[in-house]
Amino acid sequence: MEHIAVIGGGAAGLAAAVTAAERLRAEGAAKRVGVTVYDASDRVGRSILATGNGRCNFSNARLGRMGAQEAGYRNAPFVQAAFDALADRSDHAFSLQFGNPVLAFFASHGLAWREEAEGRLYPLANKASVVLDVLRSSAKVAGVEERCGCAIERIRFPRRPGDTFMLRTADERFEARAVIIACGGSIMPDLLADAAPALVFRKQEPVLGPLATVEKAPAALDNIRVKCAVALERDGRELAREEGELLFRRYGVSGIAVFNLSRLAREGDRLLVDFAPHVDDAEGFLAVRQSMLEAVYGSQITPTALLRGLLLPQVGHAVCDAAQVKEHHALSPEGRRRIAAVLRAFPLTVRGIGDAGQCQVTRGGLDVGAMDGRTLELQNHPGAFAAGEALDVDAPCGGYNLHWAWASGMLAAHGAVEAALA
């Protein structure tokens, strides 16, 4: 029996394996071409279990209404071409019923879900393990073979038409008629070193994670959460702004708003935390607040009293410190002006990623310029396809990265089946 090899048993790899095996069965070719998933771990799908804090934000409902550019994908035109190609290959009626081919895929395999804020989709059971169970069960029914603890180290590409791919581990060799690369990670350059002409790789680095900052203030605020807006500024120009929850850490800041900004941030950029994003005129707001409190107390108030009930005490202390006002002295008009400025733009300087272990995706990998966006086949390398984090594609939080993994895996699977049957 000939084989389609899927290298990597994460989200993209499992979606590819299920799609390929089911397509082979539909073509009546399942007895002569099999699908095998190779994964270095002791079981497939481990990365899925960790997504969405164990709940698996597996997609976003807004992707049925907006394109890749609007969703914020890196290399958005390439991503949109892939999304459109997958839609062209899917059952249009079923896909339209659920918004897109990815949701149609999961619905047809029994996954139930619910929508939360900002279109985030989670399994109804609220556990990532349910998503993995659906995928593994579907793969088993479709006849997918799993080879776990099997780290593919190198792919030897066919030298002549009709030759097969040779997959090499430390001590084994496997042949394949077509290959889907869905492993991502630092292994990629070594894995594809045999490709000729050489493939272009973008340096891989963790993104969508917390940011380390230069200032000491976050250490004093460690583990304090605030609802706020955060702007990313470079050379006095605002690059992006996110609203949501921010978590101070001893090394800097975390939270979804910061995660999204980390995709754009560079060392030396400024983060401006707005503790009162829905207040139009901060100084006017504080002036009214001061007058009200002084009328109640019957005396002039301090900066501490001004911020009491508005901010957590530790945050109020940090704001006063950044505004360079004495917390327990009488509040002056100049002090109020300084506090208002810091309340709307608490300054932090980016040092870099704060904790790479918390980053949700890896940026980099195969340059999309070396790919056919309609099939995800490597140009000049027939029968070799790539999906998921193997490609230089990433997106904001909200289910967009997992959606890309599923969609790209499914699209690559269609191409791999056609290559294997050619």
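Of the 422 residues in the protein, buried residues make up 52%, and since this is a predicted model, every stop on the tour below describes computed coordinates. With the whole chain in view, colour by secondary structure and you will find 15 helices and 21 strands. Turn the C-alpha trace along its principal axes, and it spans about 90 × 40 × 35 Å.

**Two long-range pairs**

To get a feeling for distances, select Gly335 together with Arg89: the two are 246 residues apart in sequence, and their C-alpha atoms lie 64 Å apart in space. Gly335 is found in helix H14, where it is buried, with a relative accessible area of 7%. Next, select Ala370 and Ala30, which are 340 residues apart along the chain and whose C-alpha atoms are separated by 30 Å. Ala370 is found in the loop between strand E18 (361-366) and strand E19 (371-372), and this residue counts as buried because its relative accessible area, 14%, is under the 20% cut-off.

**The second largest pocket**

Move now to the second largest pocket, which has a volume of about 460 Å³. Of the 22 residues that line this pocket, select the ones closest to its centre, namely Glu118, Arg120, Glu242, Ile256 and Asn260. Which elements each supply at least two residues of the lining? They are strand E14 (237-249) and helix H10 (256-262), and the largest share, five residues, comes from E14. If you colour the lining of the second largest pocket by class, you will see nine nonpolar, five polar and eight charged residues.

Stay with Glu118 for a moment, since the backbone there deserves a look. Glu118 is found in the loop between strand E4 (113-115) and strand E5 (120-123), and its phi is near 60°, a positive value in a residue other than glycine. With a relative accessible area of 43%, Glu118 is partly exposed. A second residue to select for its backbone is Asp235, in the loop between E13 and E14, where phi is near 55°, again a positive value in a residue other than glycine. Is Asp235 buried or exposed? At 80% relative accessibility, Asp235 counts as exposed.

**Salt bridges**

A search of the whole structure finds 26 salt bridges, and a few of them make good stops. Begin with Arg114 and Glu116, which form a salt bridge whose closest N and O atoms are 3.1 Å apart. Arg114 is partly exposed at a relative accessible area of 26%, and Glu116, at 27%, counts as partly exposed too.

Then select Arg270 and Glu233, whose salt bridge has its closest N and O atoms 3.6 Å apart. Arg270 lies in strand E16 (residues 270-274) and Glu233 in strand E13 (residues 225-234), so the pair ties together parts that are 37 residues apart in sequence. In this pair Arg270 is partly exposed, with a relative accessible area of 35%, whereas Glu233 is buried, with a relative accessible area of 18%.

Return to helix H14 (residues 333-344) for a pair within one element: the side chains of Arg338 and Glu334 meet in a salt bridge with an N to O distance of 3.2 Å. Why are these two separated by about one helical turn? Arg338 and Glu334 are four residues apart in the helix, and therefore about one helical turn lies between them. Both ends of the bridge are partly exposed, Arg338 with a relative accessible area of 32% and Glu334 with 35%.

For the last of these stops, select Arg74, Arg263, Arg363, Asp392 and Asp394 together, and you will have a set of residues linked in a network of salt bridges.

**A nonpolar patch**

End the tour on the surface, where Met292, Val296 and Tyr297 form a nonpolar patch with about 340 Å² of accessible area together. Of these residues, centre the view on Met292, which lies in helix H11 (residues 282-297). Met292 is partly exposed, with a relative accessible area of 49%; that value is over the 30% which a residue needs to be part of a patch.

Definitions and conventions:
Residues numbered from 1 in each chain as written. Predicted model: local features only at pLDDT ≥ 70, side-chain atom pairs only at ≥ 80, totals over all residues. Heavy atoms only, no water. Patch = residues over 30% accessible without salt bridge, like charges linked within 9 Å, V, L, I, M, F, W, Y side chains within 5 Å. Areas by Shrake-Rupley, 256 points an atom, 1.4 Å probe, with all protein chains shown as cover. Salt bridge = Lys/Arg side-chain N within 4 Å of Asp/Glu carboxyl O. Buried < 20%, exposed > 50% of the residue type's maximum accessible area, 1.4 Å probe, protein only. 1 Å grid on protein atoms, 1.4 Å probe; cavity = no way out; pocket = protein on both sides within 12 Å on 5 of 7 lines; lining within 4 Å. Points joined across faces, edges and corners; volume = space filled by probe spheres on them. Nonpolar A, V, L, I, M, F, W, Y, C, P; charged D, E, K, R; others polar.
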